[in-house]
Every structure is written in structure tokens, then in C-alpha cells.
Amino acid sequence: MFVNTNRFRFAVSFSLILLVLLIDQVVKFYVKTHMLLYEKIEITNWFYICFIENRGMAFGMDFIGTFFLAIFRIAAIGCFIWIMRRVIRSNYPMGMIICCSLILAGAIGNIIDNCFYGLIFEESHNVGWYCDGPAQLVALGNGYGDFLSGKVVDMFYFPLFTWPDWVPFFGGDVFFNAIFNVADISISCGAISLLLFYHRYLAKDLFKKSAL
């Protein structure tokens, strides 16, 4: 029964990771091959599909080089795989397994961009530039960059409202001006839920020194 339970927990985690990766990559491939860089599609007045690429952190931040960020992400993925092994093999709630799986899936989703997009895609051109259209897939190694030099594709933009001009520091700025992707959503939802609902497991049990 113990083995079967562990297999079920592993199957749930693996299936969720694959599902998130599939959705993330399908959306990124579609945006990359159907939109010009910085092109916007208005869905509502508070939701846009806005294609950008970044070399840096999640939500469009860009202050760490792509290579170093990719190495950091690979190390983080290795750490989370170790954590997932402990979570699945121990008597942790299924919800905690789902949270960790979401974080791991998001991290893998963005590292795929870093590792391979430079190898398999043409360079995306800005709106207004003369070009043949959106970037297309090319033969492996004939893309715009090298291994670990790919740029992460972001597309979701929610300018919910603009701060009134009289508000200190934020006046006139758009609330939550970040542009992000499915992988970022997965990481954020998993991390926030983990801290809110399972923080006691993290503090008390998960990082204890005793081996399983």
C-alpha cells in the first residue's frame, strides 16, 4: 500500500508538471511565431497579450545575465527535485505536492527558453521594423543565439488601473506593470500557496537533517 501510495503521489506530481510545461510551451511557441516583438492584442481594457522577451528574472525583470540566470535556474531545479523526492516519499499533504510541482514546472518552463530558444528560433523583430513577419523555427543551431543564451518569452499583461496623480511615488503609474508567462504564474501560485498553507511543514520538517 505504501509503494502504491508513493506511486500515485509521483504520478500526480509528474502529470501536473507535464501539463504546465505543455501549456507554457504551446503559448510561448504561438506568441513567438505569430507576433512581432512589443506587439499588443487587446482582450479587454485591463488585459492584453503583449509579446516581450527578457534575459532576466521572472515578470520581465532584467538585471542578471542570461547565462548566469540559466545556471542559477538549473541549480534551483536540482534543489527542488530533491525536495520533491522528500515530499513525495513522506507523509506530506497532497496539496503540498501540488504546490512544489507547480514551482518546479515553472522553473523548468523558463529554463527551456534559456537553453533552447536561441538555438531553434529566429530573432524576433520589433513592431514597425521592416521584416518578413514573426520569428519562425529554424534547424537546431541556426537560431539567434547559443545554448543557455535564449530569451524568455512573456505575454500576459494586466494594466488593471492607473494610480491617481496625487498618490506619492506611484502617481500616474500603472498598477502591476509586469508582463509574465504561464511558467511565472505557476511559480507564483505554487510559492504563495506553499507559504500560506504549508509553511509549518517547511519550518518544522522539510529541512531537518535526518535522512529518509
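## The largest nonpolar core

Which residues in the largest nonpolar core touch the most other members? They are Met 84, Val 87, Met 96, Cys 100, Leu 104, Leu 194 and Tyr 198, out of 28 residues in that core. The elements giving two or more residues to this core are α1 (2-34), α2 (66-89), α3 (94-120) and α5 (199-206). The biggest contribution comes from α3, with 11 residues.

Tyr 198 is a good place to start exploring. Setting aside residues up to four places away in sequence, Tyr 198 touches Pro 93, Gly 95, Met 96, Cys 99 and Ser 193. Another core lies apart from the one just described, and has 16 residues, including Phe 47, Phe 51, Leu 119 and Ile 120.

## How confident is the model?

Please keep in mind that this is a predicted model. The protein chain has a mean pLDDT of 85, with 88% of its residues at 70 or more. Among its elements, strand β3 (residues 152-157) has the highest mean pLDDT, 96, while α5 has the lowest, 70. So when you look at the core, remember that α5 is among the elements giving two or more residues to it.

## A covered strand and its partners

Let us turn to strand β2. All 8 of the 8 residues in β2 (residues 47-54) are buried, so this strand is largely enclosed by the rest of the structure. Both of its faces are covered: one side carries the buried residues Phe 47, Ile 49, Phe 51 and Glu 53, and the other carries Tyr 48, Cys 50, Ile 52 and Asn 54, also buried. Two of these residues, Phe 47 and Phe 51, belong to the core of 16 residues.

Which strands does β2 pair with? One partner is β1 (residues 40-44), which pairs with β2 in the antiparallel sense over 4 bridges. A hairpin through 2 residues joins β1 to β2, and Thr 44 stands opposite Phe 47 of β2. Strand β3 also runs antiparallel to β2, and 5 bridges join the two. Here Tyr 48 stands opposite Tyr 157 in β3.

## A buried aspartate in α1

Is Asp 24 buried or exposed? Asp 24 counts as buried because its relative accessibility is 1%, under the 20% cut-off. This residue sits in helix α1.

The side chain of Asp 24 has polar partners to look for. One polar contact, of 2.9 Å, joins it to the side chain of Lys 28. The Asp 24 side chain also reaches the backbone nitrogen of Ala 183 at 3.1 Å. Leaving out residues up to four places away in sequence, Asp 24 touches Gly 109, Asn 181, Val 182 and Ala 183.

## Two residues with positive phi

Most residues other than glycine have a negative phi. Two residues here are worth a look against that background. Tyr 38 has a positive phi near 75° and is not a glycine. You will find Tyr 38 in the loop between α1 and β1. With a relative accessible area of 48%, Tyr 38 is partly exposed.

Leu 148 also has a positive phi, of about 75°, although it is not a glycine. This leucine lies in the loop between α3 and β3. Leu 148 counts as buried, at 8% relative accessibility.

Technical notes:
Residues numbered from 1 in each chain as written. Predicted model: local features only at pLDDT ≥ 70, side-chain atom pairs only at ≥ 80, totals over all residues. Heavy atoms only, no water. Core = buried A, V, L, I, M, F, W, Y, C linked by side-chain atoms within 4.5 Å. Buried < 20%, exposed > 50% of the residue type's maximum accessible area, 1.4 Å probe, protein only. Contact = heavy atoms within 4.5 Å. pLDDT = per-residue confidence, 0-100. Polar contact = N/O pair within 3.5 Å; in protein donor to acceptor, adjacent residues only side chain to side chain. Pairing = 2+ DSSP bridges.
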